[in-house]
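Biologist: I'd love a close look at one part of this model, explained for someone who spends most days at the bench. Could you begin with a strand pair and then work outwards?

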Amino acid sequence: MPLSNANKPVLHEQQRKDEEKLPKKRKLTDTVSSVNKRIKSGTEESTAMTESQKRANFSALPSPGSNGVHRHSSPLSNNKPGTTKKLVIKNLKEKPKVPENYQQETWGKLQEAVDAIHTSHAIKSSLEELYQAVGNMCSYKMSSTLYEQLKQTCENHVKSNIEQFLADNIGYEEFLKKIDTCWQSHCRQMIMIRSIFLFLDRTYVLQNSAILSIWDMGLDLFRTHIVGHHIVQNRTVDGLLQLIDRERTGEAVDRSRLKSLLRMLSDLQIYQEAFEKKFLEATDSLYRSEGQRLMEERDVPEYLLHVEMRLEEENERLLHYLDQSTKKLLVNLVEKQLLEQHISQILLKGLDQLLSENRTTDLCRMYTLFSRVKNGQKELCASFATYIKGTGRIIVLNVNNDPDKDKDMVQAILEFKDKIDNIISTCFGKNEQFVNAMRESFENFINARQNKPAEYIAKYVDSKLRAGNKEATEEELERLLDKIMVLFRFIHGKDVFEAFYKKDLAKRLLVGKSASVDAEKSMLSKLKQECGSGFTVKLEGMFKDMELSKDIMLAFKQSVQNEKTSKNIELTVNILTMGYWPTYTPMEVHLPGEMVKLQEVFKKFYLGKHSGRKLQWQPTLGHCVLKADFSGGMKELQVSLFQTLCLLLFNEGDVFSFEEIKQATAIEDSELRRTLQSLACGKARLLLKAPKGKDVENEDKFKFNDDFKHKLYRIKINQIQMKETQEENVSTTERVFQDRQYQVDAAIVRIMKTRKTLTHNLLISELYNQLKFPVKPADLKKRIESLIDRDYMERDKDNPNSYNYVA
Amino acid sequence: MKMAVIDPAENEVNKNIWIAVGTWRWVANDDNCGICRMAFDGCCPECKLPGDDCPLVWGECSHCFHIHCIVKWLNSQQVHQLCPMCRQDWKFKE
C-alpha cells in the first residue's frame, strides 16, 4: 500500500483522532488500489477455487463468506485546509472503452474452449487467459449474456447426448454403463467449465438468488434432458433394480457402478421419488414371498439363520451403495416381511424344540432378531412362559401316578430350572421380563398340583440332609439348598412343606441320622429368612430340646455314677417339649425288667429336677446299639427299640411264633409285622422265618440266626425307622388340613368381628386375601356353616346372602 | 445262643447303648390356663415358646396358671390376692 504510506505524514494528527474510524481509512485505500486489487483477488480466488473443486461433486452452494463481491464506494476525501501539501487523485478523464467486437470475440474464444471440453479435445487458449476473459466480460456488465450463452451451449451439448440412450437394442447392463459414463464425463466437464467461469459464478450468480450456479445449472440440464426423460429414467431405475435383485440372489455385481449411479440420482435429487419408492416396493414383494416360502420349507433355526444373513446383506448394501436415508425404511421392511409377519408361526413351530433341545446359539439368535421388531420380545416371552408351564406341568402332574416319577420330581424340577436359568442368562441377556415370566410360570406349574410338590420338596431336603449322603461336599450341599429354597419360594401351601420337613427333621435328630449340624442350621436360617421367625419357631425349639437333653444327660450320668443301676446298658434320653415336635401317638410296650428299672431311675431323676411335669415315653422313636455274639464273632447292631425287643426275646428261647412275640412285646400288630419283616426278610437276616416268604403271617415261626455272617462289624438295620409309613404320610397331611381348618375359622371370625355384617362374596374374597394356602370355595362354605352352627355368626334374616357377627 | 444284652461283662466298650425318647408335659388339672385361655402345652400370649421360658405355677388351692398370667393378675389386685378361679387367698405351692 504505497499510497497510504505516502499519506502518513499528512494524516499523522488525524490518525490519532480517527483511530476508531479505521474502517473509513481502509475504504480510502481500497478505492485507490481497487484496480490492483482486482487482479490480486483473482489469484486469491484461484486458491479458493481448488478447495471448492474438491467438493464439486456435491454441488454445494458457494460458501457464504466469499470475497468475490467488491464494493465500489465513493472516494472519501480527508482534505482539510491546512499547511500540509495535498495529493489529489483525479478520476480518469475519459472512461476506458473496449473494442466494439470485444464481446463476440471473447465469447467466441470461450465457446471454443467449452466445445473443446465437451468433445474432450485440448483447449487452445491458456486457462488463465480464459479466466481473465470471463473476469473482464463480467466487469463490463456482460455477465447475464455470458451466462445465457454458456447455458445455451451446455444445454445443446447435453441434449445431443440423449440419442444414445433411446436405442432399443441395448441390454440393461450396457445401458447402465453408458449412462454412468455419460454422467461421469458430464461431471468432469462441468467442473472444468465452472473453473473457467468461476468469476461469473462468484459475482453474477451470487448476486442473483434466482439464478442457478453453474454446477447446479449443469445438474438441472442433465436432469431435465437426460434422466428426466421418462424412458431413460425407467430404464435406469429398472436396470438398477435388476442389478440389485441379481445381487440378492447371490451373484457378484459391480457395486461401484451401482454406487455411482445411485449417487447420481441423489445428486439430481430424484433418488427418493424415482428410485427409493420402487426399490422398497421390489424389496417388499421379494421378502414377502421369500418369507412365506422359506417359512414353509425350512425349519426354524435355519430360517432364523437366513434372516440374520439377509439383514446383514442389506446392511452391507446400505454401506456400499444405497443412500443412508433409505436405511431405516429398508431395514424395517426386511424385519417386517421376514420376522414380524411370522412371529407367531416361528414361535409355534420352533421355540419348544429349541428350548427342549437346549440349543443356546439358536435361541440367542432368535432373541436378538426378535428384539428388533415390535412386540417380538413380548411374544417370545409369552411363548417362553407357556413352554415352561407346559413342560413343568408334565413333570409335576404325573398323570399315570407313577411313584418312581414322583420320587424324581424335585430333581427333575431342579434340573429344569437350571436349564431355564442358563438359557435366560446366556441367550436372553438376563432380561428382567423373562426372569419374571420364568418365576411366574414356575409358580404356576408347581402349584398346579396341590400339596404333593411341597411334600416332595421337603422329602428331597431330608434325603440330602440325612447322614450317609456322601455325594456332596458342604459347599455343594449349601448350593443345592439354595436352589431348593428357590423352588420353596414358588410353593403356595408352605404349611405342607413345614409339616413334612418337621416330621423328617424329628427323625433325623432323634435317630441320629443328621448329616451335619451346620447344614441343618443353615437350612433353618434359610427358612427363617424366607418365611419369618414364626415359621421356624418350632423347628428351632426342636434343636433347643436336643441341646437341653444333652445337659440333662450329663447331670443324670453324674448322679447315677455311684449307684449300680445297670451293668450293661447305657441310657441316653432325649426329652421333647410337646408343642415343638410332631404329635406322636403314645404306645405301650413291654420292656425287659432291666430296661424298665433304668427308665424309672431316669424318670425319678428328671421329675426331681423339674416339678410339675409328667414324662411320657415314646418307644417308637427309641433306638439301640446292641452287642450280639454270633458263631461267626461279635457284631454291633444298630436297631430300633422294637427290633431290640424282638431280638432280646431270643435270649430266653430258640423259636417263637408271631403270636408269642406279639404277646411278649405288646407291639402293635402292623408295627410288629414291619419290625419282624426287617429282621427276617431284609438284607441282614438276624432271624430265620419259617415258612419263608416276604410277608409276615400270624402262623410264622421265627428262629435266631446263629450263623449270621456279614462283612461289617457294625450293622445298621434301623433304616426302617427312618422310612415313612403310609399311615404317617396320611396323618401328617391330615394334620395340615386340620390346622388349615382352624386357620380358616380364625380368619372368618377375625373378619366378621371387625366388619359385623358382610355379604358372602365379600367375606370369601377377604378370606382369600388373608389365607396363605390354597383352599376351595366349597371348603370355606363348610367352615362358615360350621361357625353358624357354633353360634359365632348368623345369616341375616332379611338378606340370606349376608352374615352377621354374633358377639 | 447268647445275646450280649445279658452278658455280664462290665466292659464299657461292650455296653449296649439305648437312646430313648420321652416327651414331657405339665401336670395340670385343666387343659387351658384359666386366665389367658391358652393351652398349658402352649405358652401365655406374651411368650412365643412353650417350655421353661413360660412355666406353670401351682397355688395351694391346687389351681395352676402360666406364671406370667398369675403374676400379672396378682399385681392388678389391690387389696387381697385371691386365686381367680376359687377366690381363696393365693399362695404359691412350694
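How many bridges pair strand E3 (residues 623–630) of chain A with E4(A), and is the sense parallel or antiparallel?

Modeller: Happy to! E3(A) and E4(A) are joined by 8 bridges, and the sense is antiparallel; strands count as paired if DSSP finds at least two bridges between them. Before going further, please keep in mind that this is a predicted model, in which local features need pLDDT of at least 70, side-chain atom pairs count only at pLDDT 80 or more, and totals for chains, interfaces and linings use all residues. Residues are numbered from 1 along each chain as its sequence is written, chains are lettered from A and ligands numbered from 1 in the order in which they are written, and side-chain values use heavy atoms, with hydrogens and water left out.

Back to your pair. To place one rung of this ladder, look at A:Val625, whose bridge partner in E4(A) is A:Gln638. Between E3(A) and E4(A) there are 2 residues, and together the strands form a hairpin. E4(A) also has a parallel partner: strand E8 (residues 714–716) of chain A is joined to E4(A) by 3 bridges. There, A:Leu637 has A:Ile715 of E8(A) as its bridge partner.

Is E4(A) enclosed or open? E4 spans residues 633–640, and 6 of its 8 residues are buried, so the strand is largely enclosed by the rest of the structure. Buried means under 20% relative accessible area, exposed over 50%, and partly exposed in between, with a 1.4 Å probe and protein chains only. Helix H29, which takes in residues 641–649 of chain A, is mostly covered, with 9 of its 9 residues buried. Among them are A:Phe642, A:Gln643, A:Thr644 and A:Cys646.

For the wider setting, chain A has 35 helices and 11 strands, taken as DSSP runs (helices H or I of at least four residues, strands E of at least two) numbered from the N terminus. Chain A has 807 residues, 45% of which count as buried. Of its contacts (heavy atoms within 4.5 Å) with a separation of 6 or more, 71% are between residues 24 or more positions apart.

Another sheet is worth comparing by eye. In chain A, 3 strands make an open antiparallel sheet in the order E9-E11-E10. Strand E9 (757–759) and strand E10 (793–795) are its edges, each pairing on one side only. Neighbouring strands are turned by 25° against each other on average, direction ignored. E10(A) and strand E11 (residues 802–805) run antiparallel, joined by 3 bridges, and A:Met793 has A:Tyr805 of E11(A) as its bridge partner. Helix H34 (residues 760–770) of chain A packs on this sheet, touching E9, E10 and E11, with its direction at about 90° to that of E9(A). Such angles run from 0 to 180 degrees between N-to-C directions, with axes fitted to C-alpha atoms, for helices over the stretch in contact.

A:Tyr792 sits in the loop between helix H35 (777–789) and E10 of chain A and is partly exposed, at 37% relative accessibility. Leaving aside residues up to four places away in sequence, A:Tyr792 touches A:Val749, A:Leu787, A:Tyr805 and A:Val806. From A:Asp745, A:Tyr792 is 47 residues away in sequence and 9.8 Å away in space, C-alpha to C-alpha.
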